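Me: I would like to understand how the labels given to parts of a protein model are justified. Could we go through them one by one, with the reasoning spelled out?

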Amino acid sequence: MKLGRNDACWCGSGRKYKSCHMTMDSRVEQLLHQYRGMLAPPREIIKTPEQIDGIRRAGEINTMVLDTVSEHVKEGVSTGELNRIVEERTKELGGICASLDYEGYPKSVCTSINEVVCHGIPDDRRILKSGDIVNIDCTTIVDGYYGDASRMYMIGKVSEARQKLVRVTKECLDEAVTIAQPWTALGDFGYAINKRATDNGYSVVREIGGHGVGLDFHEDPWVPHIGTPHTGMILVPGMTITIEPMINMGKADIFTDSEDGWTVYTEDNQPSAQWEYTILITKDGNEILSK
Ligand code: MF3
Ligand code: CO
Ligand code: CO
């Protein structure tokens with residue numbers, strides 16, 4: 001049944017449809033007619049103002065946890081120690097580490113070094129050494145809401161080639177965030193990430209992507225870091241997603257450690273880098289909720 005202009009909006013705000021989500025719905029309809037490859041976002045993934053406030057707070061605390069761990073990421077420190085720092089700081093700030101026990105994941109943060117693409121498991125025996133590049137991926141739950149972000153760190157003296165990989169991967173994320181405006185589609189920034197990566201001789205991991213986030217760890221939509229312009233789900237105000245490109249220096253192929261079931265490696269053993277933000281799509285752009 002089509003809602004009338006004066007009916008109550010489907011979002012539960014209590015406001016009339018015409019002064020709430022009616023304009024959004026018609027804009028989506030118009031885009032679906034204009035671009036055959038676009039998809040409408042399901043209503044369930046559009047957050048309410050109250051939910052947005054909660055996700056913003058979780059994102060801020062997640063950023064604060066990363067800020068604290070950043071001070072300790074140095075040559076000679078073990079990834080196991082970084083895991084303890086994340087746990088302690090998260091608790092101090094009133095949060096919960098989302099990764100611990102998530103689908104059986106054994107630690108509170110992911111620490112992915114060099115040829116590890118993502119989901120590296122912290123270990124007291126793995127000491128950071130000069131030349132390493134490491135991603136620290138942290139997700140925090142606060143009052144039931146989620147914030148998710150990751151950063152790269154360069155340890156000691158890092159080769160020019162690895163420094164460039166880290167820099168270009170950050171540029172891929174930054175460019176994607178610039179593009180991720182309302183009324184664009186996921187394929188618009190996916191295309192830009194892939195173009196920038198391949199223009200630099202790199203490749204983009206395909207099997208693992210970003211995701212909706214906020215009320216749960218991984219929600220719809222799945223967010224690929226490759227794409228075709230004007231295709232994929234339309235971004236609309238109130239969506240909260242992560243963008244988290246994994247860029248490989250060599251080939252795109254990856255595999256998962258069969259012993260631990262988590263650690264993802266590049267098939268060709270070449271380094272990989274990743275940066276992740278949680279963002280909110282707003283009526284005139286976006287807001288970075290965690291970085
Ligand atoms: N934080 C990761 C992401 O960005 C997911 C890690 S799942 C874990 O989606 F279980 F490995 F922690
Ligand atoms: Co993450
Ligand atoms: Co994520």
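Reply: In this predicted model, the donors of the cobalt ion (ligand 3) follow the spacing D-x62-H-x32-E-x31-E along the chain. They are Asp 148 (OD), His 211 (NE2), Glu 244 (OE) and Glu 276 (OE), lying 2.0 to 2.1 Å from the ion.

Me: Why is the site of the cobalt ion (ligand 3) called irregular?

Reply: Its six donor atoms make angles of 51 to 163°. Six donors count as octahedral only if opposite donors are over 155 degrees apart and all others between 65 and 115. An angle of 51° fits neither condition, so the site is irregular.

Me: What makes Asp 148 count as buried?

Reply: Buried means under 20% relative accessible area, and Asp 148 has 2%, so the residue counts as buried. Glu 276, at 0%, counts as buried because of that cut-off too.

Me: How do you know whether the rings of Tyr 105 and Trp 262 are stacked or edge-to-face?

Reply: Their centres are 5.0 Å apart, and rings pair if their centres lie within 6.5 Å. Their planes stand at 85°, whereas planes over 60 degrees apart count as edge-to-face, so the pair is edge-to-face.

Me: Why, then, is the pair of Phe 255 and Tyr 265 called stacked?

Reply: The centres of these rings are 5.3 Å apart and their planes are at 20°; because planes under 30 degrees apart count as stacked, the pair of Phe 255 and Tyr 265 is stacked.

Technical notes: Residues are numbered from 1 along each chain as its sequence is written. Chains are lettered from A and ligands numbered from 1 in the order in which they are written. This is a predicted model: local features need pLDDT of at least 70, side-chain atom pairs count only at pLDDT 80 or more; totals for chains, interfaces and linings use all residues. Side-chain values use heavy atoms; hydrogens and water are left out. Donors are N, O and S atoms within 2.8 Å of the metal (3.2 Å for Na, K and Ca); water is not among the atoms, so sites may look incomplete. Four donors count as tetrahedral if all angles lie between 85 and 135 degrees; four count as square planar and six as octahedral if opposite donors are over 155 degrees apart and all others between 65 and 115; anything else is irregular. Buried means under 20% relative accessible area, exposed over 50%, partly exposed in between (1.4 Å probe, protein chains only). Rings of Phe, Tyr and Trp (its six-membered ring) pair if their centres lie within 6.5 Å; planes under 30 degrees apart count as stacked, over 60 as edge-to-face and the rest as tilted.
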